[in-house]
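The report below describes how the helices pack, which residues are buried, and where the backbone takes less common values. It is meant to be read alongside the sequence and the coordinates.

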Amino acid sequence: MQRVVDVCGDEADILALSVARFVAAGYMTSDVACWNAAFDGAEQLLGPAEGCRFVASVVAIVRALRAEREDDWSFMPASCCRVTGHECALVALIGRARRRLWADLEEAAAAITGREAAPRLVAAVRAAVATLDEAAERLAPTGCPNRVVLH
């Protein structure tokens, strides 16, 4: 299995993957503590307002994925340094959106869901781009002199 640092392009990608893992765990266990952990981590790194926006944007992506994908989806625990193939696909999908590769985003979303099209997933990822990019700026080494490395 690949490692988080090999798959994620920056700290915002790593945080998005971690939040997605917490959210997925919450869905699997019906334990709100998983969602609280996602919010707590994002708020510590980004502040209360931006952290909440960040989590909300990732939750929208996970909800869209759950709605449009019929097959199982495998996630590792939030703190794990390894990534599943499904997680690699999700990070790559987000990366396409962050690079504004809209046609590639649509194709990748369809592939991830196993459908001809995945409009809800595409819309959720597109809507998250600004929030992810803002987080990347805040989490960049120059933006965080006493930087905490997420992975």
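In this predicted model, the buried residues of helix α4 are E50, G51, F54, V55, S57, V58, V59, I61, V62, A64, L65 and E68. The elements that cover these buried residues include α2, α3, α5, α6 and α7. The length of α4 fits a regular helix: at 1.5 Å a residue, its 21 residues should span 30 Å, and the C-alpha atoms at its ends are indeed 30 Å apart, so the two values agree.

One of the buried residues of α4, F54, touches A12, L15, A16, V19, L46, T131, L132 and A135, when residues up to four places away in sequence are left out of the count. Within the largest nonpolar core, which has 37 residues, F54 belongs to the group that touches the most other members, together with V19, I61, L93 and L121. Helices α2 (11-29), α3 (32-46), α4 (48-68), α5, α6 (102-113) and α7 each supply at least two residues of this core, and the largest share, 10 residues, comes from α7. Apart from this core lies another one, of seven residues, among them V7, C8, I14 and L17. As a general background to such clusters, nonpolar side chains in soluble globular proteins tend to be buried together.

Helix α5 can be described in a similar way. What is the span expected of its 14 residues at 1.5 Å a residue? The expected value is 20 Å, and the end C-alpha atoms of α5 are 20 Å apart, which agrees. The buried residues of α5 are E87, L90, V91, L93, I94, G95, A97 and R98, and what covers them includes α1 (4-7), α2, α4, β2 (82-83), α6 and α7.

The packing of α5 against α7 can be set out in more detail. Two packed helices are described by the angle between their axes and the distance between the axes. The axes of α5 (residues 85-98) and α7 (residues 119-139) come within 9 Å of each other and cross at roughly 75°. Because angles of 65 to 115 degrees count as roughly perpendicular, α5 is roughly perpendicular to α7. On the α5 side the contact is made by L93, I94, A97 and R98, and on the α7 side by L121, V125, V129, L132, D133 and A136. Of the residues that form this contact, eight are nonpolar, none is polar and two are charged.

The loop between α4 and β2 holds F75 and also C81. F75 touches A20, R21, A24, T84, E87 and L90, not counting residues up to four places away in sequence. The C-alpha atoms of F75 and L65, which are 10 residues apart along the chain, are separated by 13 Å. C81, for its part, is partly exposed, with a relative accessible area of 34%.

A123 lies in helix α7 and, at 43% relative accessibility, counts as partly exposed. A140, in the segment after α7, is also partly exposed, with a relative accessible area of 23%. The table lists C-alpha separations for three pairs that include these residues and C81.

| Pair | Separation in sequence | C-alpha distance |
|---|---|---|
| A123 and V83 | 40 residues | 24 Å |
| C81 and D133 | 52 residues | 23 Å |
| A140 and G95 | 45 residues | 16 Å |

Two loop residues deserve a remark on their backbone. Most residues other than glycine have a negative phi. S30, in the loop between α2 and α3, has a positive phi of about 60° although it is not a glycine. Is S30 buried or exposed? At 67% relative accessibility, S30 counts as exposed. R100 follows α5 and lies in the loop between α5 and α6; its phi is near 60°, again a positive value in a residue other than glycine. With a relative accessible area of 40%, R100 is partly exposed.

Note on methods:
Residues are numbered from 1 along each chain as its sequence is written. This is a predicted model: local features need pLDDT of at least 70, side-chain atom pairs count only at pLDDT 80 or more; totals for chains, interfaces and linings use all residues. Side-chain values use heavy atoms; hydrogens and water are left out. Axes are lines fitted to C-alpha atoms, for helices over the stretch in contact, and angles run from 0 to 180 degrees between N-to-C directions. Helices (H or I, at least four residues) and strands (E, at least two) are DSSP runs, numbered from the N terminus. Angles under 35 degrees count as roughly parallel, over 145 as roughly antiparallel, 65 to 115 as roughly perpendicular and the rest as oblique. Contact means heavy atoms within 4.5 Å. Ala, Val, Leu, Ile, Met, Phe, Trp, Tyr, Cys and Pro count as nonpolar, Asp, Glu, Lys and Arg as charged, and the others, Gly among them, as polar. A nonpolar core is a set of buried Ala, Val, Leu, Ile, Met, Phe, Trp, Tyr and Cys residues joined through side-chain atoms within 4.5 Å. Buried means under 20% relative accessible area, exposed over 50%, partly exposed in between (1.4 Å probe, protein chains only). The expected span of a helix is 1.5 Å times one less than its number of residues.
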